[in-house]
Amino acid sequence: MVGILDEYRERYRGRPIWRLIEEGYYKPWERLRVTHIRGWDLHVKSESWQLEGPLRMLFHVLDPEVAKDPEHLIVYGGTGRAARSWEAFEAIVDTLMTMEEDDTLVVQSGKPVAVFKTHKMAPRVVISNAMLVPKWADWEYFRELERKGLTMYGQMTAGCWAYIGTQGILQGTYETFAFAAEKSFPEGNLEGRLVLTAGLGEMGGAQPLAVKMNGGVAIVVEVDKKMIERRIRHGYLDTWTDSLDKALDIALKAKEKREALSIGLLGNAAEVFPEILRRGIVPDVVTDQTPAHDPLSYVPAGLSPEEAEELRDKDPREYEKRALESMKMHAKAMVEFKRRGSVVFEYGNNLRKMAYEAGYKDAFEFPGFVQAYIRPMFEEGRGPFRYTSLTGNPRDIERLDDELIATFKHNKRLVRWVENARKHVKFQGLPARVVWLGYGERARFGKLMNTLIRLGEIGPMWIGRDHLDTGSVASPYRETEGMKDGSDAIGDWPILNALLNAAAGATWVCFHHGGGVGIGYSIHAGIGLVLDGSRESELRAERVLTVDPGLGVVRHADAGYERAREIACSRGIWSPMLQC
Ligand code: NAD
């Protein structure tokens with residue numbers, strides 16, 4: 001280590017990032033270079049947690065325990081990146097470490113481009129990722145610009161430094177399966193039910209545990225053995241096999257005995273789904289989380305991940321053609337499962353649209369998950385509120401679990417989730433928790449956290465959320481599919497959300513294009529909020545955690561959703577068009 005440091009000292013002479021290299025958090029000579037930062041020592045010149053917070057979250061999302069492919073700065077969701085290049089990463093770090101606490105850093109698609117003097121309550125960082133003028137917004141053109149080094153795909157939370165590992169999606173997935181069960185089965189859970197799905201990636205990897213938490217049996221088809229092993233290591237998957245016969249045998253026995261169990265099946269969904277159908281087996285629930293949003297990430301039938309990589313490099317057009325053909329077979333099998341009685345829904349990856357474009361005109365016969373199950377939560381301003389302990393202390397999360405249960409004890413679903421999460425979730429990187437809170441609840445809990453920090457009972461915290469939220473996304477095949485008033489493709493709301501959060505004093509604000517469903521199909525906004533116990537951070541929390549879900553309530557009230565209107569009127573959200 002000392003030898004290596006000597007070698008690198010010259011190269012990094014005088015740069016602030018050198019301190020993080022010396023402390024072992026950044027190893028530029030290694031393939032997996034970044035480790036999350038723990039403890040109370042501040043690394044930023046400003047000595048402000050408002051700047052140390054974004055620095056720590058950037059390191060956190062690139063920790064190999066958190067990120068899918070940290071060597072290439074890819075965090076999750078196909079090629080969702082945290083920074084455009086390692087040079088850009090180092091420049092962001094140097095800048096955060098030297099900025100003043102009334103400066104704002106501007107990041108254009110993963111590259112830091114300017115620092116301006118603003119004011120202390122303004123965001124410390126503003127980020128825009130992958131935005132394109134609408135007429136040019138498709139994968140082909142995006143990739144051309146990406147090859148020229150002009151842009152970066154930020155997915156939803158990767159480029160916003162707000163990804164917390166698979167737990168981030170675990171609760172949403174758990175809730176979605178719970179809703180599906182409540183709506184479809186008399187017992188209201190998944191006990192004695194078989195769920196067939198695919199994809200054990202950074203998001204999809206939540207599926208087996210979410211099914212289990214609802215009492216069901218899951219078969220999850222995954223083409224890459226490494227991803228299966230990663231899920232088993234993280235405690236999200238029980239067992240695996242490469243034999244369909246064996247997977248079905250174990251699953252059907254567990255279903256019979258009403259035992260909760262998850263099985264990874266090494267294979268390609270485009271081949272395995274039709275084969276299960278051919279055998280006449282009709283699972284109770286069918287969904288999918290392969291990266292169908294990006295035809296260059298979805299592995300075509302007949303190829304191993306290694307062969308797929310080779311073809312992707314050699315002939316990307318041929319790759320895309322084969323991937324789309326496979327998605328067609330995949331979606332066709334899902335439609336047929338629905339016709340035979342399975343509960344089928346698309347899980348936010350745009351599979352239906354891809355299959356439709358590839359010529360399968362019945363692809364939209366099954367619904368998307370937001371339209372089918374999540375929208376009632378969005379009407380209440382409810383969404384994926386998440387937080388991390390910036391000092392890396394798991395006890396802070398445990399303490400806040402207790403506070404959540406005490407504060408929201410009337411919300412049985414929430415209490416059940418927190419108890420389950422405590423039992424099953426292994427932290428990745430900085431200890432974190434996600435919990436779906438609604439309008440009013442987020443501000444209340446944020447302020448409570450700030451008080452606990454001020455009293456010295458917990459350390460400084462980061463609060464954020466997925467871009468998949470009540471008022472921060474326009475995505476006509478996902479979050480805004482089938483809106484009551486037809487406003488699915490109206491893009492004003494996420495832009496207003498970002499502007500409002502900047503005005504309210506979020507520590508950072510991000511605006512992205514193409515997350516979840518791919519380039520051309522969505523725009524969305526995200527936030528980071530650092531709480532350090534000060535009066536200033538209490539104000540930030542109160543304002544941001546009110547306006548952020550508040551705009552979601554207004555968005556849904558404006559679209560004609562009665563529950564949203566009731567909440568807006570009864571909780572004093574003033575809107576000239578509601579006439580409460
Ligand atoms: P990921 O890239 O981390 O993982 C995808 C996994 O699918 C990989 O492990 C890959 O090996 C596997 N895979 C690829 N092709 C396959 C095939 N044909 N058969 C079987 N396995 C295959 O992606 P992720 O972060 O897990 O996201 C998955 C999808 O879900 C993406 O389209 C993403 O945009 C979408 N998404 C959904 C939500 C949600 O709320 N439901 C949220 C974010 C993202």
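In which helix is Arg535 found? Arg535 is found in helix 19; helices (H or I, at least four residues) and strands (E, at least two) are DSSP runs, numbered from the N terminus. This is a predicted model, in which local features need pLDDT of at least 70 and side-chain atom pairs count only at pLDDT 80 or more, while totals for chains, interfaces and linings use all residues. Residues are numbered from 1 along each chain as its sequence is written, and side-chain values use heavy atoms, with hydrogens and water left out.

**Overall build**

- The protein chain has 20 helices and 17 strands.
- The radius of gyration of the protein chain is 23 Å, which agrees with the value near 25 Å for a compact globule of 580 residues. This radius is taken over C-alpha atoms, and the globule rule is 2.2 Å times the number of residues to the power 0.38.
- The C-alpha trace of the protein chain spans about 65 × 65 × 50 Å along its principal axes.
- Of the 580 residues in the protein chain, 63% are buried. Buried means under 20% relative accessible area, exposed means over 50%, and partly exposed lies in between (1.4 Å probe, protein chains only).

**Salt bridges**

- The count comes to 56 salt bridges, a salt bridge being a side-chain nitrogen of Lys or Arg within 4 Å of a carboxyl oxygen of Asp or Glu.
- One of them joins the side chains of Lys120 and Glu536 at 3.3 Å, N to O. Lys120 lies in the loop between strand 4 (111–117) and strand 5 (125–129) and Glu536 in helix 19 (residues 535–558), so the pair ties together parts that are 416 residues apart in sequence.
- Lys120 is partly exposed at 41% relative accessible area, whereas Glu536 counts as buried at 17%.
- Arg193 and Asp284 also meet through their side chains in a salt bridge (3.3 Å, N to O). This pair links distant parts of the chain, 91 residues apart: Arg193 is in the loop between helix 6 (167–184) and strand 6 (194–198), and Asp284 is in the loop between helix 10 (269–278) and strand 10 (285–286).
- Arg193 and Asp284 are both buried.
- In the salt bridge between Arg465 and Asp548, the closest N and O atoms are 2.7 Å apart. Here strand 14 (residues 461–465), which holds Arg465, is linked to helix 19, which holds Asp548, and the two residues are 83 residues apart.
- Arg465 and Asp548 are both buried.
- Glu336, Arg339, Arg340, Asp362 and Glu365 are joined into one network by salt bridges that share partners.

**Surface patches**

- Patches are made of residues with over 30% relative accessible area and no salt bridge; like charges are joined within 9 Å, and nonpolar side chains (Val, Leu, Ile, Met, Phe, Trp, Tyr) within 5 Å. Accessible areas come from the Shrake-Rupley method with a 1.4 Å probe, and for residues only the protein chains shown count as cover.
- A surface patch of negative charge gathers Glu306, Glu307, Glu309, Glu310 and Asp313. Lys and Arg count as positive and Asp and Glu as negative, with His and the chain ends not counted; the place of a charge is NZ of Lys, CZ of Arg, CG of Asp or CD of Glu.
- Glu307 belongs to helix 11 (residues 305–314) and is partly exposed, with a relative accessible area of 41%.
- Ile495, Leu496 and Leu499 make a nonpolar surface patch of about 270 Å².
- Ile495 sits in helix 18 (residues 492–504) and is partly exposed at 39% relative accessible area.

**Backbone angles**

- Most residues other than glycine have a negative phi.
- Gln155 has a positive phi, near 45°. Gln155 is in the loop between helix 5 (139–147) and helix 6 and counts as buried at 4% relative accessibility.
- Arg258 also has a positive phi, near 55°. Arg258 is placed in the loop between helix 9 (244–256) and strand 9 (261–266) and counts as partly exposed at 46% relative accessibility.

**Pairs separated in sequence**

- Gly471 lies in the loop between strand 14 and strand 15 (473–474) and is buried, with a relative accessible area of 3%.
- The C-alpha atoms of Gly471 and Glu379 are separated by 9.4 Å, with their positions 92 residues apart along the chain.
- Arg535 counts as exposed at 53% relative accessibility. Arg535 and Thr451 are 9.4 Å apart in space, C-alpha to C-alpha, and 84 residues apart in sequence.
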